[in-house]
Amino acid sequence: MIIESRFNGPPGSGNGGWSAGLFAAGSGDPGPVEVTLRRPPPLETPLTLVAGEVRDPEGLVVAQVRPTEDPRAVVPPVDLPAARAASAGYAGLVDHPFPGCYVCGPDRVDGLRIFPGRLSDGRTAAPFRVPGSVTTPAVWAALDCPGGWAVIAPGRPYVLGRIAAVVTALPQPGDECVVTGVMVGGEGREALVHTSLYAPDGTLLAWARATWIAVADEAR
């Protein structure tokens, strides 16, 4: 498995959702899996998955992949106009910890450009224009950042630590879908979030449960 450089999140590492989706697909497990990232996923590096561990060429554990129960982490939908209105207020357009992120970075004209803004009830929502070639990792990526932006605040960046997702169907290329996210709990530096992806007609396509970790000052 190789994470191409264009699928980055923070500089020099893979987007957490894309990377986790790639590892989940590589596991071949027919049921839901949970991916725990143990270190920033390296770009353009051959990675191997053996006995539930993703390792780099030096043998370091990048991630762990484990079967899990259905996370049942469904966030209620909003209609497309509401998602567009929320996205117009996306905080990352003004202050983004990783503006080159493939999923939510405003500097990426070639990314997914999912800009999750806050709704009045604290949820996030954003339109998602499905690319011409859509894969399972792309859906995991779309389920990633909208959850993070339910907790990210100015001067307080977070990164993905763990995610479990269920994809019942891939969205259709060119469709304008809607992604929703919400924070459901947390303690200390950890925040638990849920996200869901809806087709234009409101059909639920995928959902995820994730843990985001606040970046310590010394790690920035």
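A residue counts as buried under 20% relative accessible area, as exposed over 50%, and as partly exposed in between. The exercises below apply this and a few other criteria to a predicted model.

**Exercise 1. Positive phi values**

Determine whether Ala51 is buried or exposed, and state where in the chain Ala51 is found. Then treat Glu44 in the same manner.

*Solution.*
Step 1. The relative accessible area of Ala51 is 74%, so Ala51 is exposed.
Step 2. Ala51 belongs to the loop that joins E2 to strand E3 (53–55).
Step 3. Although Ala51 is not a glycine, its phi is positive, at about 50°.
Step 4. Glu44 sits in the loop between strand E1 (33–37) and strand E2 (48–50).
Step 5. Glu44 is likewise a residue other than glycine with a positive phi, near 50°.
Step 6. The relative accessibility of Glu44 is 46%, and therefore Glu44 counts as partly exposed.

**Exercise 2. The segment before helix H1**

Identify the residues that Ser5 contacts, leaving aside its neighbours within four places in sequence.

*Solution.*
Step 1. Ser5 is placed in the segment that precedes helix H1 (16–27).
Step 2. With 41% relative accessibility, Ser5 counts as partly exposed.
Step 3. Along the chain, Ser5 and Pro42 are 37 residues apart, and their C-alpha atoms are separated by 8.8 Å.
Step 4. Once neighbours within four places in sequence are set aside, the contacts of Ser5 are Leu43 and Glu44. Glu44 is the loop residue between E1 and E2 treated in Exercise 1.

**Exercise 3. The surroundings of Ser196**

Establish whether Ser196 is buried or exposed, and find which backbone atom its side chain reaches.

*Solution.*
Step 1. Ser196 is part of strand E9 (residues 190–198).
Step 2. Its relative accessibility is 0%, so Ser196 counts as buried.
Step 3. The side chain of Ser196 reaches the backbone nitrogen of Val75 at 2.7 Å. The cut-off for a polar contact is a pair of N or O atoms within 3.5 Å.
Step 4. Beyond its neighbours within four places in sequence, Ser196 has contacts that include Ala73, Val74 and Val75. Also among them are Leu143, Val178, Val179 and Thr180, together with Leu204, Ala206 and Trp207.

**Exercise 4. Cysteine sulfur distances**

State how many disulfides the structure holds, and explain why Cys101 is not bonded to Cys104.

*Solution.*
Step 1. A disulfide requires a pair of cysteine sulfur atoms within 2.5 Å.
Step 2. For Cys101, the closest cysteine sulfur is that of Cys104, at 3.9 Å, which is too far for a bond.
Step 3. Cys145 is in no disulfide either, its nearest cysteine sulfur being that of Cys104, 3.6 Å away.
Step 4. The structure accordingly holds zero disulfides.
Step 5. Cys101 counts as buried because its relative accessibility is 4%. Cys145 counts as buried at 4% relative accessibility.

**Exercise 5. The largest pocket**

Describe the lining of the largest pocket and find which strand gives the most to that lining.

*Solution.*
Step 1. The volume of the largest pocket is about 580 Å³.
Step 2. Its lining comprises 33 residues, and those nearest its centre are Pro10, Pro40, Val159, Leu160 and Val215.
Step 3. By class, the lining residues are 21 nonpolar, seven polar and five charged.
Step 4. At least two lining residues come from each of strand E7 (158–167) and strand E10 (204–214).
Step 5. E7 gives the most, supplying four residues of the lining.

Conventions
Residues numbered from 1 in each chain as written. Predicted model: local features only at pLDDT ≥ 70, side-chain atom pairs only at ≥ 80, totals over all residues. Heavy atoms only, no water. Buried < 20%, exposed > 50% of the residue type's maximum accessible area, 1.4 Å probe, protein only. Polar contact = N/O pair within 3.5 Å; in protein donor to acceptor, adjacent residues only side chain to side chain. Contact = heavy atoms within 4.5 Å. 1 Å grid on protein atoms, 1.4 Å probe; cavity = no way out; pocket = protein on both sides within 12 Å on 5 of 7 lines; lining within 4 Å. Points joined across faces, edges and corners; volume = space filled by probe spheres on them. Nonpolar A, V, L, I, M, F, W, Y, C, P; charged D, E, K, R; others polar.
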